[in-house]
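Visitor: I am new to this structure and would like to learn how its features are read, one at a time. Could you take me through them slowly?

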Number of protein chains: 2
Amino acid sequence: MSVTLKDVAQAARVSVSTASRALTGTGLTSERTQQRLTRIARELGYRPNPIARGLKTGQSRLVALLVHNLTNASFQVMAEVMQARLKAVGYQMLLCIGGDDAQQESDTLTALVDHRIDGLIVVPTGKNGAQLKALAKDVPIVCLVRRDDATDLETVLADDPQGAYLGTRHLIELGHKRVGLIVGRQDTTSGRERLSGYVRALREAGIPVDDTLIHAGHFVPETGATSCRKLLDLPRPPSAIFVANHEATLGVLRVIAERNIAVPDDLSLLCYEDMPWFEWHRPAISIVDNGARDLANLAVDRLLQRMDAKGTGNDGVREYRVGARLVQRDSCRRIEVASTRAGKPKPSIAKPSAAKSPSKSSAAKSAKV
Amino acid sequence: MSVTLKDVAQAARVSVSTASRALTGTGLTSERTQQRLTRIARELGYRPNPIARGLKTGQSRLVALLVHNLTNASFQVMAEVMQARLKAVGYQMLLCIGGDDAQQESDTLTALVDHRIDGLIVVPTGKNGAQLKALAKDVPIVCLVRRDDATDLETVLADDPQGAYLGTRHLIELGHKRVGLIVGRQDTTSGRERLSGYVRALREAGIPVDDTLIHAGHFVPETGATSCRKLLDLPRPPSAIFVANHEATLGVLRVIAERNIAVPDDLSLLCYEDMPWFEWHRPAISIVDNGARDLANLAVDRLLQRMDAKGTGNDGVREYRVGARLVQRDSCRRIEVASTRAGKPKPSIAKPSAAKSPSKSSAAKSAKV
DNA sequence: CGATAGACTGCAAACGATTGCAGAAACGCT
DNA sequence: AGCGTTTCTGCAATCGTTTGCAGTCTATCG
């Protein structure tokens, strides 16, 4: 079948062990034989068998990335970034789709460690914490994007509190007083943290938090649709909606289309995490970018370090954050008075009038004074 | 570290070989010892080491799926389907992103065979035909969605000629005489085949093929935008556009939004391959479904069969097609049929008759095309 | 010139499983 | 009881590498 080390050794008239040492560079080998062997190996097209090697060394040069699904565009770019990074240092990346099913995730997990992966980056569903914790003894693990509270694994998170804060503040600075929030389930890290960022921005601006403006739900488009309808049907509907639940975005857009709502003229819209077509949507949709590339890079950094420092256990830091940033496009508009259509005359005398740094809002088309 | 076969054998006071035979079920083993061993193995938490097993058997129980990217939604569902299917028969699926880079694809390919994968399903870029052909000697390979002309690999294709034919015929049956086609590069299987299906439907209906209505381009949104503009700017623009290039769809939608064109009142739109948000877009977009799930299933079927019938080489059939079907939603509209009885070439401009579709046509704030 | 360190090299034993072959036990039959 | 079958079990080799240990060779020094 394929060329083995033995073949190379025979061709070079040395023993297998010498060949091994020469090719791996380990051990003492004379300069000459080393060069000779690499040449011969190349000529013969020798490729070391990772399986045999793995059996002996206990390593596989395989790193797995386990995500629950790939519909979220961020995961696609993360996967690509990671694959490139890992390949550069000699690892093959295994991308596995865990599904939302706990059993499925669990099975995949054991299959992976059976295969003696050298490292694992996982977006935990939170349903297999115990297993993850146990596995962490055998293989370096880094959690991504979500924290699993049942473990104390090293975790790389988006700075969701900050991202949600930035987004909300942006809308407030544009003059919005009633900002609807559609956010994810409150039993997830991101769900909670984004809500808190939203609240913080409101507080900071002295705007009271109105519970009727906040909708938390599952990570599916339907959530977005129903939440959006409820928001719009409010007696005093919001002048801006912050969709801080990526998966809900489609549902929101659907309702907006259904009702022929003009964005941003009738309603400002801000979303979370980019989609490739957002900038081509009319109007182009402004977003809070959670920094997927940075997340991916940091996760790989952490994992590699962890894999190197095999024995070294608890090294202090367990949680990393990567910054979020606002990407302004055309779906948010400056308004003067908060509620435009609701009859109630709003006391426009906002107390601590924020808007100290209006920032050059991108081509604000209609900032009537 | 982990429990080995030796541990189990010792605990059961039998030899390793007996333990192996009992647990794998191969060979002759007494019913009693078999049960006893399985029990002990379970108690000890024994998990066979796939690496060691692989070294001996030459198999890895790993199957790879290599795609060039995951942005195409079809690939995501295919990946999920395949993973589930393969897991059910005891294989772990490796999902690899080849990128559009030939070198990258090539590297990944060799890494995979180095790891002794048992099978490979690949969406070939067409740039590594020679390598694929060589690899096919070592490992069963099935091509998916695209054919690599440099090889004679077994290939599972969508029925693009039929799909394009169905779509075009649908539009024709709705009364459209001028159907614009936006299609992929003509050096790809799908690009050519979809064009041919379009032409066939036209011919069959006695409609002359107008080259100015046909735009072939790269698999990127920009293609869709520029093609769409050109079509709309024609002296006699089409009354329907068939976007048979999935990746171009976003560009088309963008132009339609830009120009405030009312779909389907002013223009009928038919796309190829679903996206999860198509049914929520307003209007919901009709598509030709290429049958991603079926494709995935068939590919797995073929691969598994091929993996079983190891030695058996050329078994005749080399190309499989899975049927396409039309999914009618709201983006295509019947227009006044020019002539029901004779093929009278009637150049009359379609009048804006609103009678036909009772649906709440969207405000129609726009002028005519 | 011989001893000795130092630099390489080869032998052989792992790693954890599978598997051909031969020996042992159990069974039925005359 | 003796014999041939059948049924099970164990020994040992093997897959392709790595690696501890011991042996060989060269060169250097006294």
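The dialogue below goes through the chain, the DNA strands, some strands of the protein and the nonpolar cores.

Visitor: Before anything else, what kind of model is this, and how are its residues numbered?

Guide: This is a predicted model, in which local features need pLDDT of at least 70 and side-chain atom pairs count only at pLDDT 80 or more, while totals for chains, interfaces and linings use all residues. Residues are numbered from 1 along each chain as its sequence is written, chains are lettered from A and ligands numbered from 1 in the order in which they are written, and side-chain values use heavy atoms, with hydrogens and water left out.

Visitor: How many helices and strands does chain A have?

Guide: Helices (H or I, at least four residues) and strands (E, at least two) are DSSP runs, numbered from the N terminus. Chain A has 12 helices and 12 strands. Buried residues, meaning those under 20% relative accessible area (exposed is over 50%, partly exposed in between, with a 1.4 Å probe and protein chains only), make up 53% of the 369 residues in chain A. A contact means heavy atoms within 4.5 Å, and among the contacts in chain A between residues at least 6 apart in sequence, 71% join residues at least 24 apart.

Visitor: Which residues are the closest to DNA strand D?

Guide: A residue is near a molecule or strand if one of its heavy atoms lies within 4 Å of it. For DNA strand D there are 25 surrounding residues, and the closest are Leu5(A), Ser20(A), Thr18(B), Arg21(B) and Lys56(B). By class (Ala, Val, Leu, Ile, Met, Phe, Trp, Tyr, Cys and Pro count as nonpolar, Asp, Glu, Lys and Arg as charged, and the others, Gly among them, as polar), this surface has 7 nonpolar, 12 polar and 6 charged residues. Helix H2 (16-24) and helix H4 (50-57) of chain A, together with helix H2 (16-24) and helix H4 (50-57) of chain B, each supply at least two of its residues.

Visitor: Which part of DNA strand D lies within 4 Å of the protein, sugar or phosphate on the one hand, or bases on the other?

Guide: Of the atoms of DNA strand D within 4 Å of the protein, 61% belong to sugar or phosphate and the rest to bases. A polar contact is a pair of N or O atoms within 3.5 Å (within protein, one must be able to donate a hydrogen and the other to accept it, and residues adjacent in sequence count only if both atoms are side-chain atoms). A phosphate oxygen of DNA strand D is 2.6 Å from a side-chain N or O atom of Ser20(A), and a phosphate oxygen of this strand is also 2.6 Å from a side-chain N or O atom of Thr18(B). With Asn49(A), a backbone N or O atom lies 3.2 Å from a phosphate oxygen of DNA strand D.

Visitor: Which element supplies the largest share of the surface near DNA strand C?

Guide: The largest share there, 5 residues, comes from H4(B). DNA strand C is surrounded by 25 residues, the closest being Thr18(A), Arg21(A), Leu5(B), Ser17(B) and Ser20(B). A base nitrogen of DNA strand C is 3.0 Å from a side-chain N or O atom of Ser17(A), whereas a phosphate oxygen is 2.9 Å from a side-chain N or O atom of Tyr46(B).

Visitor: How many residues of strand E8 of chain B are buried, and what does that strand pair with?

Guide: Two strands pair if DSSP finds at least two bridges between them. In E8(B) (residues 240-244), 5 of its 5 residues are buried; Ala240(B), Phe242(B) and Ala244(B) point one way, and Ile241(B) and Val243(B) the other way. Strand E6 (residues 179-184) of chain B pairs with E8(B) in the parallel sense over 5 bridges, and 4 bridges join E8(B) to strand E9 (residues 268-272) of chain B, also running parallel. The bridge partner of Ile241(B) in E9(B) is Leu269(B).

Visitor: Which residues have the most contacts inside the largest nonpolar core?

Guide: In soluble globular proteins, nonpolar side chains tend to be buried together. A nonpolar core is a set of buried Ala, Val, Leu, Ile, Met, Phe, Trp, Tyr and Cys residues joined through side-chain atoms within 4.5 Å. The largest has 101 residues, and those with the most contacts inside it are Tyr198(A), Phe242(A), Leu269(A), Tyr198(B), Phe242(B) and Leu269(B). A second, separate core of 63 residues includes Ile97(A), Val300(A), Val67(B) and Ala158(B).
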